[in-house]
Amino acid sequence: MKALLIKDVNLLKSQKQFFGVVALMLVLFTIVQDNKSFAIIYVAMMFSILSMTTMGYDEYENGMCYLMTLPFSRKEYVQSKYVFGILSSFLGLTFSVIFVAAATVAKGGIYPWEELRDAVIPGIMLITGTLSVSMPVQLKFGSEKSRVVFLSIYGTGFVVGYGVIQICKKAGISLSDMMESSFVKDVLSTPWGLGVICAVVLIASYAVSVRIIGRREF
C-alpha cells in the first residue's frame with residue numbers, strides 16, 4: 001500500500017494549478033472577505049476530492065488494467081485510496097485552520113474557539129460524506145459516468161431535503177430546534193461522538209467499495 005500512496009502523491013505533483021486556485025480562494029475568503037468559516041470548509045471540500053482525481057488518472061487510457069496486474073490486491077488498492085483521501089483531506093483542513101488563525105492574529109484579532117469549532121465540525125462531516133459517497137460511485141461507474149451519477153445523487157438529495165423541510169413546516173416541526181437540541185450538540189461537539197459517526201460511515205463505505213471492485217472486470 002505504501003507504493004500506491006507514493007504513486008498518488010507523485011500524481012498530484014502535476015496539480016499545481018489546483019493547489020494555486022485553492023490557495024488563492026483561501027486568501028480571498030480569509031483576508032479580503034473575512035469569511036473564515038467558509039474558507040476552512042471550502043479547503044476541506046476541495047482536498048476531499050483529491051482521491052477522485054488520482055482515481056481518474058489511474059483509469060486514464062485503461063490504466064486500471066495494468067494496475068491490477070501488479071503485486072497488490074484489489075482490497076489494498078481501495079485501502080490506499082481511503083487512507084490517501086483521509087490524510088490529504090485532514091492535511092488541507094489543518095493547513096486552512098492554521099492559516100486562518102494566523103491571519104486573524106496578524107490582523108490583531110482572536111479566533112474564538114466556538115467559531116473555529118463551528119467551521120471544523122462541518123468540514124469534517126463534509127470530508128466524511130464526500131469520501132464515503134465518491135469512492136464507491138467512482139469505483140462502480142468510472143470517472144466519466146460517475147460525474148452524471150454525482151449530479152443525480154446531489155440533485156435527488158436537494159429535492160428530498162427540500163421536501164422534508166416543507167413537510168416539517170406544515171407539521172409544525174422545527175428542524176433548527178432539533179439541530180440545536182442538547183443531544184445533537186453533545187454528539188457532534190465531542191471528538192469521540194463525531195469520530196465514531198465518521199468512522200462508522202467510512203467503514204460502511206469502504207466495505208461497499210471492496211465489494212464493488214471485487215466484482216468489477218478490467
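Student: In this predicted model, what share of the contacts with a separation of 6 or more comes from residues 24 or more positions apart?
Tutor: Take the contacts in the protein with a separation of 6 or more. Then pick out those whose residues lie 24 or more positions apart. Their share is 78%.

Student: Which pattern do the elements follow along the sequence?
Tutor: Start with the counts: the protein has 10 helices and zero strands. Each element is therefore a helix under the DSSP assignment. Read along the sequence, the pattern is α-α-α-α-α-α-α-α-α-α.

Student: How many residues of helix α4 are buried?
Tutor: Helix α4 covers residues 50-59. Its buried residues are Leu50, Ser51, Met52, Thr54, Met55, Asp58 and Glu59. Out of 10 residues, that makes seven.

Student: Which residue just after α4 takes a positive phi?
Tutor: Helix α4 spans residues 50-59. Look just past its end for a phi of about 50 degrees. The residue is Glu61.

Student: Is Cys198 buried or exposed?
Tutor: Buried means under 20% relative accessible area. Cys198 has a relative accessible area of 10%. That value is under the cut-off, so Cys198 is buried.

Student: And where does Cys65 fall, by its relative accessible area?
Tutor: The value for Cys65 is 36%. Buried needs under 20% and exposed needs over 50%. Cys65 meets neither cut-off, so its class is partly exposed.

Student: How many disulfides does a search of the whole structure find?
Tutor: A disulfide is a covalent bond between the sulfur atoms of two cysteines. The search looks for cysteine sulfur atoms within 2.5 Å. Across the whole structure, the number of disulfides found is zero.

Technical notes
Residues are numbered from 1 along each chain as its sequence is written. This is a predicted model: local features need pLDDT of at least 70, side-chain atom pairs count only at pLDDT 80 or more; totals for chains, interfaces and linings use all residues. Side-chain values use heavy atoms; hydrogens and water are left out. Buried means under 20% relative accessible area, exposed over 50%, partly exposed in between (1.4 Å probe, protein chains only). Helices (H or I, at least four residues) and strands (E, at least two) are DSSP runs, numbered from the N terminus. Contact means heavy atoms within 4.5 Å.
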